[in-house]
Amino acid sequence: MDSLLTAQNQGLQRSLSRNALVFLLPSLVGILLFMVPVNYQGSITISVAVLAKSLLTALNEVMPELLTTVIVASASGTLLTKVLRPQWLQRYAFIYGLLSPNWIWTLIRLCGAVIALMLYSGHGPQAVLSDSTGQLVFGDLMPVLFSVFIFAGLLLPLLLDFGLLELVGTLMTRVMRPVFQLPGRSAVDCFASWLGDGSVGILLTSKQYEGRFYTEREAAVIGTTFSAVSITFALVVLAQVKLEHLFLPFYGTVCLAGIVAAIVVPRLPPLCWKRDHYIDGSPRNAEEEAIPQGHSVWSVGYRRALARADRIENFRLPLRDGIHNAIDMLFGVLPVVMAVGTLALMVAEYTPVFEYLGKPFVPLLELLGVPEAVAASKTVMVGFADMFIPAILIAAVDNEMTRFVIAAMSVTQLIYLSEVGALLLGSRIPVNLWELFVIFILRTLVTLPVIAGVAHLLF
């Protein structure tokens, strides 16, 4: 390890002062944009989210046209590329890779395009056009994701490319590795998600997995565990169940249950079965995180950050990476969210599937002493379709403790197909639909006793 640090220092091609500026200035801007909380219109968020909301407001009139164009262009380009395999396009590796998924994802993109055209034109089955299914995704969720993807994608290199994660990763490894079995840099994903939006955390995780900073297991764990909902959304859920006066104990309960789930669930299948290998198949080297004798975590982290900054010859490469990030998310992920999110909400709205799946939870809820267990059980599994539906369904229940438990549970379940689940499936994070469903159930089983225990102290 000492030899590695020495080699890093000796191998620096540029002056230490230059590298220090290249590390510090962009990283500070990245921290301000992604990690420093700001008060915007009465709610706590991050600057990237404020920029996204400003763009959303500016493009509000033309947003349906933009969304439909992007989704249809993605599906059409994918189908043509899969069928024709044009030689000239293969010279552009990024575009060709974006438009060459396997046939399953090609069909999902085509499904997303068909649904988007139905919603834009207003012609199609009512099950698709309903305000609680397709319109919820197309009109409410997709515009937010569109604007977030643009700014988060463009600005993400400020966190990734200039050395900040090398410093944070070194400082946090002694906490994250023994407690969560994760590298220290994953703390940045968690912080950005909690203060801003889970989609930012998933984008950050996916890009680090592609860049060989996370192994398959680490990327899957972080994507399904630390892409938490924002503080703002937690307040919206609590307002729906009319318990705003309990925000502090509610969010404290959510954090406690989330930490317990983050410790327990990754140690269970299917996450523990994931390989500790990088995307190229090479195994993780534990020595890379070791702190050599005679060095502090600060000194090692700073040297690693300077070594990363030394690789930046100019700002063209980070700018290109940012543009690629935004295009990848817009054309690769939006069609998946459109298709998977709408279909999941249709199942929740028009079939009794989730109600039947919730019946086995009645004995558990009764054992935990949750009042009106039958009514509560109907909301347990529907959260897999959308996180907000449980709060809507339970709002009519009179018992405050039941509303508190279900609202907290819906937030800590984390994986819902109308956004987070679809984003994970559309990214390169190595998880499939069945694994997401199992992880959703495990998170429910782990967090419910914690939430119920706190609820009994409060009510």
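Colleague: Let's begin with Leu79: is this residue buried, partly exposed or exposed?
Modeller: Buried means under 20% relative accessible area, exposed means over 50%, and partly exposed is in between, using a 1.4 Å probe and protein chains only. Leu79 has a relative accessibility of 32%, so it counts as partly exposed.

Colleague: What should I know about the model itself?
Modeller: This is a predicted model, in which local features need pLDDT of at least 70 and side-chain atom pairs count only at pLDDT 80 or more, while totals for chains, interfaces and linings use all residues. Residues are numbered from 1 along each chain as its sequence is written, and side-chain values use heavy atoms, leaving out hydrogens and water.

Colleague: In which helix will I find Leu79?
Modeller: Helices (H or I, at least four residues) and strands (E, at least two) are DSSP runs, numbered from the N terminus. On that numbering, Leu79 sits in helix α4.

Colleague: How many salt bridges are there?
Modeller: The rule asks for a side-chain nitrogen of Lys or Arg within 4 Å of a carboxyl oxygen of Asp or Glu. Counted that way, the number of salt bridges is 16.

Colleague: Which residue does Glu218 pair with in a salt bridge?
Modeller: The N to O distance in this salt bridge is 3.0 Å, and Glu218 meets the side chain of Arg177. The two lie 41 residues apart, Glu218 in helix α13 (residues 216-225) and Arg177 in helix α10. Glu218 counts as buried because its relative accessibility is 1%. At 16%, its partner is buried as well, and that partner is Arg177.

Colleague: How many residues apart are Glu210 and Arg428?
Modeller: Their side chains form a salt bridge with an N to O distance of 3.3 Å. Glu210 belongs to helix α12 (residues 198-210), while Arg428 is in the loop between α24 (420-426) and α25 (433-458), a separation of 218 residues. Glu210 is partly exposed at 28%, and Arg428 is partly exposed at 38%. The distance you asked for is 218 residues.

Colleague: Which residue is joined to Lys274 by a salt bridge?
Modeller: The closest N and O atoms of Lys274 and Glu435 are 2.9 Å apart. Lys274 lies in the loop between α15 (247-264) and α16 and its partner in helix α25, so this pair ties together parts that are 161 residues apart in sequence. Lys274 is buried, with 15% relative accessibility. The partner, at 14%, is also buried, and it is Glu435.

Colleague: Which residues make up the salt-bridge network?
Modeller: Some salt bridges share partners, and these link their residues into one network. Its members are Arg177, Arg217, Glu218, Asp276 and Arg284.

Colleague: Is the peptide bond from Pro269 to Pro270 cis or trans?
Modeller: Most peptide bonds are trans. Pro270 lies in the loop between α15 and α16. The omega from Pro269 to Pro270 is near 5°, and the bond is cis.

Colleague: What is the phi of Gln181?
Modeller: Most residues other than glycine have a negative phi. Gln181 is in the loop between α10 and α11 (186-195), and at 31% relative accessibility it counts as partly exposed. Its phi is positive, near 60°.

Colleague: And what about the phi of Arg212?
Modeller: Arg212 is in the loop between α12 and α13. With a relative accessible area of 35%, Arg212 is partly exposed. This residue is not a glycine, yet its phi is positive, about 65°.
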